[in-house]
Each structure stands twice: as C-alpha cells, then as structure tokens.
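Open the model in your viewer and show side chains as sticks. The tour below goes from one charged pair to the next.

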Amino acid sequence: MWTLDALNNKFAQFIEYLKVSGYKKNTIRIKRKVINAFFKACKEKNLTEVSFTEINQIFADIKSKISKSYQCHVSAIEGQLSWWLLDQPSKDFIQEIKDYSDLPEKEWFLVKEYILYLQSLKTNTMAIKRTARALIRFLRWLIEKHKNFDEITFSIFEIYLENNKQIVAPHSISSTLSNIKRFYKWCYITNKTKAPLFERIPTGIKTNYVSEQHIWTRDELNLLLKTVLLNGPLGIRDFAILMLAIRLSLRSVDIANLKLDDINWKSGELKFIQQKTKNLNSFIIPKDVAWALINYLKIRPKVDSRYI
C-alpha cells in the first residue's frame, strides 16, 4: 500500500520534471488536472492508502470520463507512476500480484512460492513482477485451453505465441520463454513436478520479426547533433542529452534521473546509481560532453529541483 502523501510527492516530482524538460504550459496544465482528478477520486472513496490495483482502477475510471484526445495524458501519468512504484515493494506486494492473476489455488500456490524464492535471491522487484506477469499469462492460457500444468510440448508454445501476438512482442519472445523455463526448472528441483518439464521448453522460436537497425554511422550522428542545435534552447538541452547517450552510452532512464549532485566538476567525474542494476556507475566526463552540459545549465530554468 502507498499513502496519498507519498504519491503526492511523486506527482510533484513529475510536474517539476516536466517544467525543467521544457514541456508546454498547456501540457503541464492538463496533467495537473488529471492528478487533481486522481486525488479527488481518492477523497470521494475515503482512501488514505491505495494499492497498485486501486491506482489502476482509479485511472481507468478517469479515462472512461474524458475524451480520447486527453486519454494519452492519463496513460503518461499512469505509466510514470507505475515505473516509480514497481521498484518499491509495498506491504501487499504478493496480494497485488494475486489480485492481478485470478489463477486457481493450485497454480497460484506455485507462482507465489516461486515469487518468494526470487525474493530470497534479492531479485529486483520490477524483474519479479515482469516474471510473474509472464507466468500468469501463460498459466491462464493453459487453463483456457483445458491443458494441465504438465501438458507442455514444443508445439504448445508455438500455438501460445501465435495466439498472443498482441501481448507477447516479437522481440520479447526469448525472455518470455526463459522466464517460463526457469519457473518449470525450479518446480522440478523443488519436487513440485516429477518430470523435468523445463527440457520441453524451447530457448527460442524463430519468427518473421526483423529488428530495426540500431547502429548509427558517425555521419548520421553528426547530422543529428547539428539538427537539434537549430531548435533554440530546447535544442541545447536535447544536444546535451544526446551527447550523454552517444559518448557515455547512458540509458534514457539514467539520463532522466541525473542530478546536479552527480557531477563532480573538480575531478571531472559523473557518478550515479544505475536504474537497471542498482550499481554505482562512475565516468570521466569527456570535454565535449562537459561543455554540452555547461551550455545547457546556463539556459536551464531557475528551479529548486536538483534534477538536471
């Protein structure tokens, strides 16, 4: 469960981030309206604490009452809030997953035991929820197809992936199968199943999915950097963001969470906690990246936020 005060602080950070990032005043105004509608709904229901399920339900109610053109703003706020909360286990962490699962008691017991096992390994909370969603989705499908837990074959997975194209993205097939395979292997090791069913699960299934080209040439990157600089103050900000991504290979989530305190100008170092691994990362800032940051900080709005 999360208190409304804690959520209010998160929303305040979100609005501050929008201001610093140069979003239009009208966009910020609309998002504020959505946030106010969220707290108004909580007040009407006399809630002082909310679960993940209740948060999703409130946002769904808000979406149903507004026009389609404004629903994207609700989704943006909901997505940002989910990102913050997913990595913070609440008191009812297991219960929230159970509410989402709607599995029969037998299958839910196995999933719950596996989640507790992952927690004992200090697995990242977001990774646990991602794994749980993949397992629940697959087990639900087995039940709908009147298949038993131990009736799995290679062809079943081909049918499953074919039937769930809209849910299981082509580029996530490998991780989905790996999550299910690890679960079945755990079931065998802990004597939940008599046969090594995990051996029947393929490590990957060929699809017609062709990944987009991810490699940019030096000329393309230079053209991109020159282009963004033509966009005035926002271009200076975007240039700094791109330099961090290109020269230091930082993920977008790490760039968005950088703070002024993460930079030591005397030593020329950048230190921050990586969002994905929770490890401390340290970089020597190249001169061109340093100047890009300095040029941005010169035109950065004067706000109290420590986020860059």
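Start by selecting arginine 247, which is partly exposed at 41% relative accessibility (buried means under 20% relative accessible area, exposed over 50%, partly exposed in between, with a 1.4 Å probe and protein chains only). The model is predicted: local features need pLDDT of at least 70, side-chain atom pairs count only at pLDDT 80 or more, and totals for chains, interfaces and linings use all residues. Residues are numbered from 1 along each chain as its sequence is written, and side-chain values use heavy atoms, with hydrogens and water left out.

Now add aspartate 288, whose side chain meets that of arginine 247 in a salt bridge at 2.8 Å, N to O (a side-chain nitrogen of Lys or Arg within 4 Å of a carboxyl oxygen of Asp or Glu). The two residues are 41 apart, with arginine 247 in helix α11 (residues 232–248) and aspartate 288 in helix α13 (residues 287–299); helices (H or I, at least four residues) and strands (E, at least two) are DSSP runs, numbered from the N terminus. Aspartate 288 is partly exposed at 32%.

Next, select aspartate 261 and arginine 306, another salt bridge at 2.8 Å, N to O. Aspartate 261 sits in the loop between α12 (252–256) and β3 (263–264) and arginine 306 in the segment after α13, so this pair ties together parts 45 residues apart in sequence. Aspartate 261 is exposed at 52%, while arginine 306 is partly exposed at 42%.

Last, select aspartate 61 and lysine 45, whose side chains form a salt bridge at 3.9 Å, N to O. Aspartate 61 is partly exposed, at 27%.
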